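Colleague: Please pick a single part of this model and go through it closely. Then follow it outward to whatever it leans on.

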Amino acid sequence: MNNRRVIVKVPASTANLGPGFDTLGMALSLYAWIEMSAAETTTFRLYGDQMQGIPTDKSNLLYRVAQLVFEEAGVSIPELDIAMYSDIPLTRGLGSSASAIVGALAAANALIGSPLSDHKLFQLATILEGHPDNVGASLFGGIVVSAWDGDRADYVRLEPHAKLETLVAIPAFQLSTEKARHALPSQISMADAVFNVGRSSLLVAALASGELGLIRHAMRDRLHQPYRAPLIPGMSAILEKAAEYGALGAALSGAGPTLIAFVDADSQNKSELEQFLLATLKQEGIEAETMWLKPSAEGPVITVEDAASPCPGLMERIKGEVVR
Ligand code: HSE
């Protein structure tokens, strides 16, 4: 039997960054952990509030993703012991499903000696998730610019500026990506397409060159945010006014409902900005939790152990690192 035990720490992500719908992503300093080893019988140990209702049989996403890796590599490990804890809230626009997919791909690949390349893992992750933005960020860390034609996904990773920090406001309600995608039109005008090509290109150039002052002008969008705004009361006011409260720019995080503000780490206006976000949502009757998150420079951090070595258990292992 395979004699490894693998522990993977994988980051959350924010997708779109405003104009880069299904294209731009950034890894965030909020994490999920997955432990995986071969077993006699498949067992799951799922810890924390975020894991409630997740299946504990072979229909589990982590199990299915792992089996896909084994199939690609021509290896058979039908029974697995899987443990997971996540600090990433579900269906809030912080890439929880992408981090589970990337974490399971990375864990399963490491379990069998890493035969699949990162490029291959990215292709698999993109197919599983349906778009490359969140999975690219969770897999490569930093800021990831990606494009997928349904066949091949390509990407370039950018190093986030050292002064870049984010404030997320996570509303106390869930919004499925499916519902938020249904709100989008099937066609847009040439003028809106040109608007978004311009903003998205400018944003990538600003992030790559460190011209953080351009973010507020570049982080505007006509492809998805205007159509999703009715699903998130308070969103339009936050996107419009966040810069007046000291943000470098603001966007809907992924498909929402989380809102994300980009902030200079040295800003003197952090608490005003936080109050503005919370008060604007509260005016609409929405309770929210705020978190200050940094870009996560790394994708999955993988530890491989001998399965025969003493195992402290996942929660014991990560207890100093969890935040929620
Ligand atoms: N790009 C995706 C969307 C991210 O906006 O629908 C959500 O997972």
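Modeller: Contact here means heavy atoms within 4.5 Å. The part I would pick is Asn-16. Leaving aside neighbours within four places in sequence, Asn-16 is in contact with Phe-21, Asp-22, Leu-24, Asp-133, His-224, Arg-228, Gly-254 and Ala-255.

The model is predicted: local features need pLDDT of at least 70 and side-chain atom pairs 80 or more, while totals for chains, interfaces and linings use all residues. Residues are numbered from 1 along each chain as its sequence is written, and side-chain values use heavy atoms, without hydrogens or water.

Asn-16 sits in the loop that runs from strand E1 (4–15) to strand E2 (24–38). Helices (H or I, at least four residues) and strands (E, at least two) are DSSP runs, numbered from the N terminus. With a relative accessible area of 2%, Asn-16 is buried; buried is under 20%, exposed over 50% and partly exposed in between (1.4 Å probe, protein chains only). Its side chain reaches the backbone oxygen of Gly-254 at 3.2 Å. That is a polar contact, a pair of N or O atoms within 3.5 Å; within protein, one must be able to donate a hydrogen and the other to accept it, and residues adjacent in sequence count only if both atoms are side-chain atoms.

What surrounds the ligand? Asn-16 is one of the residues that do, along with Ala-15, Phe-21, Asp-22, His-131, Asp-133, Asn-134, Thr-177, Arg-181, Arg-228, Gly-254 and Ala-255; each has a heavy atom within 4 Å of it. Among the contacts of Asn-16, Phe-21, Asp-22, Asp-133, Arg-228, Gly-254 and Ala-255 also appear in that surrounding set. Asp-133 brings a polar side-chain atom to 2.6 Å from a nitrogen atom of the ligand. Two arginines face oxygen atoms of the ligand: a polar side-chain atom of Arg-181 lies at 2.7 Å, and one of Arg-228 at 2.8 Å. Taken alone, the ligand exposes 260 Å², and the protein buries 96% of that (Shrake-Rupley method, 1.4 Å probe; for residues, only the protein chains shown count as cover).

Asp-133 leads into the next element, helix H4 (residues 133–140). All eight residues of H4 are buried, so the helix is largely enclosed by the rest of the structure. The list includes Asp-133 and Asn-134, which surround the ligand, and it runs on through Val-135, Gly-136, Ala-137, Ser-138 and Leu-139 to Phe-140. The buried residues of H4 pack against E1, E2, helix H2 (96–111), H3, strand E5 (143–148) and E6. E1 and E2 are the two strands that flank the loop of Asn-16. After H4 comes Gly-141, with a positive phi near 70 degrees.

The far end of H4 carries a ring, so a word on rings is needed: those of Phe, Tyr and Trp (its six-membered ring) pair if their centres lie within 6.5 Å, and planes under 30 degrees apart count as stacked, over 60 as edge-to-face and the rest as tilted. The structure holds six aromatic pairs. One of them joins Phe-122 and Phe-140 edge-to-face, at 5.3 Å centre to centre and 75 degrees between the planes. This pair links distant parts of the chain, since Phe-122 is in helix H3 (residues 118–129) and Phe-140 in H4, 18 residues apart. Both of these phenylalanines are buried. Phe-140 has a second partner in Tyr-155; that pair is stacked, with 3.8 Å between centres and 10 degrees between planes. Tyr-155 lies in strand E6 (residues 153–158) and Phe-140 in H4, so the pair ties together parts that are 15 residues apart in sequence. Their burial can be put in figures: Phe-140 is buried at a relative accessible area of 10%, whereas Tyr-155 is partly exposed at 34%. Elsewhere, ring pairs link Tyr-31, Trp-33 and Tyr-85 into a cluster.

For comparison, take two residues from other places. Thr-280 lies in helix H10 (residues 270–283) and is buried, with a relative accessible area of 10%. The side chain of Thr-280 reaches the backbone oxygen of Phe-276 at 2.6 Å. Not counting residues up to four places away in sequence, Thr-280 touches Gly-234, Ala-237 and Ile-238. Met-1, in the segment before E1, counts as exposed at 70% relative accessibility. With the same sequence neighbours left out, Met-1 touches Ala-38, Ala-39 and Glu-40. From Met-1 to Ala-191 there are 190 residues in sequence and 59 Å in space, C-alpha to C-alpha.
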